[in-house]
Amino acid sequence: MARLATPPGLQHAYTDALPASQALADRARKLFPDAVTHDNRRMDPFPLYVDRADGAYKWDVDGHRYVDYWMGHGALLLGHNPPAVRDAVREQALRGTHYGACHVKEVEWGEWVCRLVPSAERLRFTASGTEATHLALRLARAATGKRHVVKFAGHFHGWHEGLEIGVREPYAAEPQAGQLREVVDLVTVLPPNDIAAVRERLAAGDVAAVILEPTGGHFGVVPAPPAFVAALREETRRAGALLIFDEVVTGFRVAPGGAQDKLGVRPDLTTLAKIVAGGLPGGAVAGRADVLAYLATKADPQENRRTKIAHPGTFNANPLSAAAGVAMLSAVADGQAIRFANEQAAKLRHGFNEILARERVAWKIYGEHSDWKVFFGADTPPRDGADQSVAGIDWRRLDAKHGDQSRTLRQALVLQGVDFNGGRALVGTCHTDDVIGETLTAFAAAVRAMKDEGLA
Ligand SMILES: Cc1ncc(COP(=O)(O)O)c(C=O)c1O
């Protein structure tokens, strides 16, 4: 079945349509807190359970097909199962999945990262983006001898306790359950894009690093102006603090060498994950050779104790992720896939805003790269498809979650054969013109269904 009817009462329609997902959710509730294994997959009344995926599509356990705009939480730029990556993984699996040893693919993979990412002189692979930002902080503290870290409200850097701070309202640097105040107190959360606040905080001279998502928090939900990022480079250099670009999402997505490539700004350290590992688990910290040297063993034992950061990790640069990563990076290196995904995303944003203009719905769809985001808090409907700018809108309004509308739009789209996370979507080369046409038809129907429910 490709598409479901949308009777009144989206909640009921959703529940009625997905009995096999509901049954799995009932089992999962007895296993996992919130019945999920990733906070963002939580969904009321229960999440979709997916059986398989290919290209732009995924199929749920009830047999429905969806156009997928999760794209593996951003890990997929070429859609599901791109032949080059799939074949590389299959071939590697036949040769062994873990050697407990150095191997050819990790060297090739590292060479690709250093070839593409302008600031990457040396690197270490990790098993995830969370591990990468954790390691980057260790490196920054070791290299500078300073303790404090600056981050920005609404920017996400993984779930470890050293940075899962100030990510959502009320954005305060306050400990959450199980988080140590001593750790949180070492992190200053500043409003995004406020260079005066950064300058003032750096003046104390105790900051080891400033970390940010270089196109803005949550891949540009609150866009970061390029001039702000360039100014950050100057201010951190002057203050003796390291600049860390968290390119876990932007890496190999906004340009072959990530946001730093596009912006022409060289951070001291870069954290990578998602696309870097070709859709398999993996991450990396890359950057200045003298900083990465804190991972190298020194001959003198005393020197070693002072200047060596321990970094084992069973799945660092595992052969499967390395094989997928090499295949992925070689496929994005010439920039064509990135350009195409950007163009397709622009068509989607234009089409969505045309629908909102026609239906007189006061949301706005925006984004700058291979993405689209829904701003539910717009004051007026877009004038036309081109009316996409969110410039001048207060960052708190842009970052606000609008839970009810977001959940209902997601359900309404699921019922029309499209899935996204409710607020933000990633686009890949798999989203061809036909897929875009299908998506726009689904979006128009979903918006009308929400209007019928009084939610748009
Ligand atoms: C910008 C950013 N940094 C870090 C992470 C954490 O990466 P991982 O989920 O691989 O731990 C994410 C994950 O979404 C992210 O978006």
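This short talk covers a ligand site, a cavity and two cysteines.

Keep in mind that we are looking at a predicted model.

Let's start with the ligand. Which residues are around the ligand? Take them in order along the chain. We begin with Ser 128, Gly 129 and Thr 130. Then come Phe 156, His 157 and Gly 158. Glu 213 is on the list too. Asp 246, Val 248 and Val 249 follow, and Lys 274 ends it.

Now sort that shell by class. Three of its residues are nonpolar, five are polar and three are charged.

Next, some distances. Look at Thr 130. One of its polar side-chain atoms sits 2.6 Å from a ligand oxygen. Lys 274 also faces an oxygen atom of the ligand, with a polar side-chain atom 2.8 Å away. What does Asp 246 have 2.7 Å from one of its polar side-chain atoms? A nitrogen atom of the ligand.

How much of the ligand does the protein cover? On its own, the ligand has 390 Å² of accessible area. The protein covers 79% of that.

On to empty space. Rolling a probe the size of a water molecule over the atoms shows where such space is left. How many cavities of 30 Å³ or more does the structure hold? One. The largest cavity has about 30 Å³ of space in it.

Who lines it? Ala 153, Gly 154 and His 155 do, along with Pro 192. Gly 217, Val 222 and Asp 399 are in the lining as well. By class, this lining has three nonpolar residues, three polar ones and one charged one.

Last topic: the cysteines. How many disulfides turn up in a search of the whole structure? Zero. Why does Cys 102 have no such bond? Its closest cysteine sulfur belongs to Cys 114, and that is 16 Å away, too far for a bond. A disulfide needs the two sulfurs within 2.5 Å. Turn it round and start from Cys 114. The closest cysteine sulfur is then the one in Cys 102, again at 16 Å, so a bond is ruled out by distance.

Are these two cysteines buried or exposed? Cys 102 is exposed, and its relative accessible area is 68%. Cys 114 is partly exposed, at 26%.

That's the tour. Thanks for listening.

Key. Residues are numbered from 1 along each chain as its sequence is written. This is a predicted model: local features need pLDDT of at least 70, side-chain atom pairs count only at pLDDT 80 or more; totals for chains, interfaces and linings use all residues. Side-chain values use heavy atoms; hydrogens and water are left out. A residue is near a molecule or strand if one of its heavy atoms lies within 4 Å of it. A polar contact is a pair of N or O atoms within 3.5 Å; within protein, one must be able to donate a hydrogen and the other to accept it, and residues adjacent in sequence count only if both atoms are side-chain atoms. Accessible areas come from the Shrake-Rupley method with a 1.4 Å probe; for residues, only the protein chains shown count as cover. Ala, Val, Leu, Ile, Met, Phe, Trp, Tyr, Cys and Pro count as nonpolar, Asp, Glu, Lys and Arg as charged, and the others, Gly among them, as polar. On a 1 Å grid over the protein atoms alone, a cavity is a set of points where a 1.4 Å probe fits but cannot get out, and a pocket is an open set with protein on both sides within 12 Å along at least five of seven lines; lining residues have an atom within 4 Å of a point. Grid points are joined across faces, edges and corners, and a volume is the space filled by probe spheres set on the points. Buried means under 20% relative accessible area, exposed over 50%, partly exposed in between (1.4 Å probe, protein chains only).
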